[in-house]
Amino acid sequence: MYFMKSLVLYRIFSYFIIAIAAILGIVSLFALLIALSNPALLISVFVIVAVVIYSFSSFFFLLNGVDGKQQLRPKTKDLINVNAYVALVFVMMNIFQSVSVISNPGILNDAMKQVAELQNAKSPLPAGLILKVMKGFVWFLLFYAVI
């Protein structure tokens, strides 16, 4: 009984993660199309797909194995384990990158200047707004990686 009560926070985070995994799944389909023309991006797509597979398989394990008390196939455990290692690499990269950008905001400012130089046409959004959105996105990635 205590075990089930201790999983409440885990369940809440699982629903959050599954929503983000659905978005990442859609993004990874488009990224795969782009990566087919640039094979160097295939490893990034592989990592994103592994995170999506891990998120969904661990969520279904929670629903069927823990909540439903069903005996799951050993293949499910292997799927979760293999994709968990890749997801762990993804999480560590996100934490490292997010902390780097948050601790040194000049990185993001320099990147925004480079993007502005590459654009010939004027952006419809002001640079300050784009910078705030990017900072919010970095904080969101850090929160997602920690969860």
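Here are some worked exercises on a predicted model of a protein chain.

**Exercise 1: Get your bearings**

Work out how many helices and strands the protein chain has, and which pattern they follow.

*Solution.* Start by counting elements: the protein chain has six helices and zero strands. Next, read along the sequence, and you get α-α-α-α-α-α. Now look at burial: of the 147 residues in the protein chain, 27% are buried. Then turn to the outside, where the protein chain exposes about 10,500 Å², with carbon and sulfur atoms supplying 74% of that area. Last, check the contacts with a separation of 6 or more: residues 24 or more positions apart account for 69% of them.

**Exercise 2: Find the core**

Find which residues form the largest nonpolar core, and which elements give two or more residues to it.

*Solution.* Step one is to list the members. The largest nonpolar core has 11 residues: Ile-20, Leu-24, Val-47, Ile-48, Ala-50, Val-51, Val-52, Val-86, Ala-87, Phe-90 and Tyr-144. Step two is to sort them by element: α2, α3 and α4 (74-103) each give two or more residues to this core. The largest share, five residues, comes from α3. Step three is to zoom in on one member. Leaving aside neighbours within four places in sequence, Val-51 is in contact with Leu-24, Ala-87, Phe-90 and Tyr-144. Apart from this core lies another one, of five residues, including Val-101, Met-112, Leu-131 and Val-138. As background, nonpolar side chains tend to be buried together in soluble globular proteins.

**Exercise 3: Sort out an aromatic pair**

Decide why the rings of Tyr-15 and Phe-59 count as edge-to-face, and say which helices they lie in.

*Solution.* A search of the whole structure turns up five aromatic pairs. In the pair of Tyr-15 and Phe-59, the ring centres are 5.1 Å apart and the planes sit at 80°, so this pair is edge-to-face. The angle settles it, because planes over 60 degrees apart count as edge-to-face. Now place the partners: Tyr-15 lies in helix α2 and Phe-59 in helix α3, so the pair ties together parts that are 44 residues apart in sequence. How about burial? Tyr-15 is partly exposed, at 48% relative accessibility, while Phe-59 is buried, at 10%. Finally, widen the view: Tyr-15, Phe-56, Phe-59 and Phe-60 form one aromatic cluster.

**Exercise 4: Buried or partly exposed?**

Classify Ser-28 and Ala-84 as buried or partly exposed, then see what lies around them.

*Solution.* Take Ser-28, which lies in helix α2. Its relative accessible area is 6%, so Ser-28 is buried, since the cut-off for buried is under 20%. Not counting residues up to four places away in sequence, Ser-28 touches Val-45, Ile-48 and Val-49. Then take Ala-84, found in helix α4. With a relative accessible area of 22%, Ala-84 is partly exposed. The C-alpha atoms of Ala-84 and Ile-53 are separated by 9.1 Å, and these residues are 31 residues apart along the chain.

**Exercise 5: Look at the surface**

Identify which residues make the nonpolar surface patch, and which helix gives the most to it.

*Solution.* First, name the members: Ile-26, Phe-30, Leu-32, Leu-33, Leu-36 and Leu-42 make a nonpolar patch of about 610 Å². Next, assign them: helix α2 (residues 8-37) gives the most, with five residues. Leu-42 is found in helix α3 (residues 42-67). Leu-42 counts as partly exposed, at 36% relative accessibility.

Definitions and conventions: Residues are numbered from 1 along each chain as its sequence is written. This is a predicted model: local features need pLDDT of at least 70, side-chain atom pairs count only at pLDDT 80 or more; totals for chains, interfaces and linings use all residues. Side-chain values use heavy atoms; hydrogens and water are left out. Patches are made of residues with over 30% relative accessible area and no salt bridge: like charges are joined within 9 Å, nonpolar side chains (Val, Leu, Ile, Met, Phe, Trp, Tyr) within 5 Å. Accessible areas come from the Shrake-Rupley method with a 1.4 Å probe; for residues, only the protein chains shown count as cover. A salt bridge is a side-chain nitrogen of Lys or Arg within 4 Å of a carboxyl oxygen of Asp or Glu. Helices (H or I, at least four residues) and strands (E, at least two) are DSSP runs, numbered from the N terminus. Buried means under 20% relative accessible area, exposed over 50%, partly exposed in between (1.4 Å probe, protein chains only). Rings of Phe, Tyr and Trp (its six-membered ring) pair if their centres lie within 6.5 Å; planes under 30 degrees apart count as stacked, over 60 as edge-to-face and the rest as tilted. Contact means heavy atoms within 4.5 Å. A nonpolar core is a set of buried Ala, Val, Leu, Ile, Met, Phe, Trp, Tyr and Cys residues joined through side-chain atoms within 4.5 Å.
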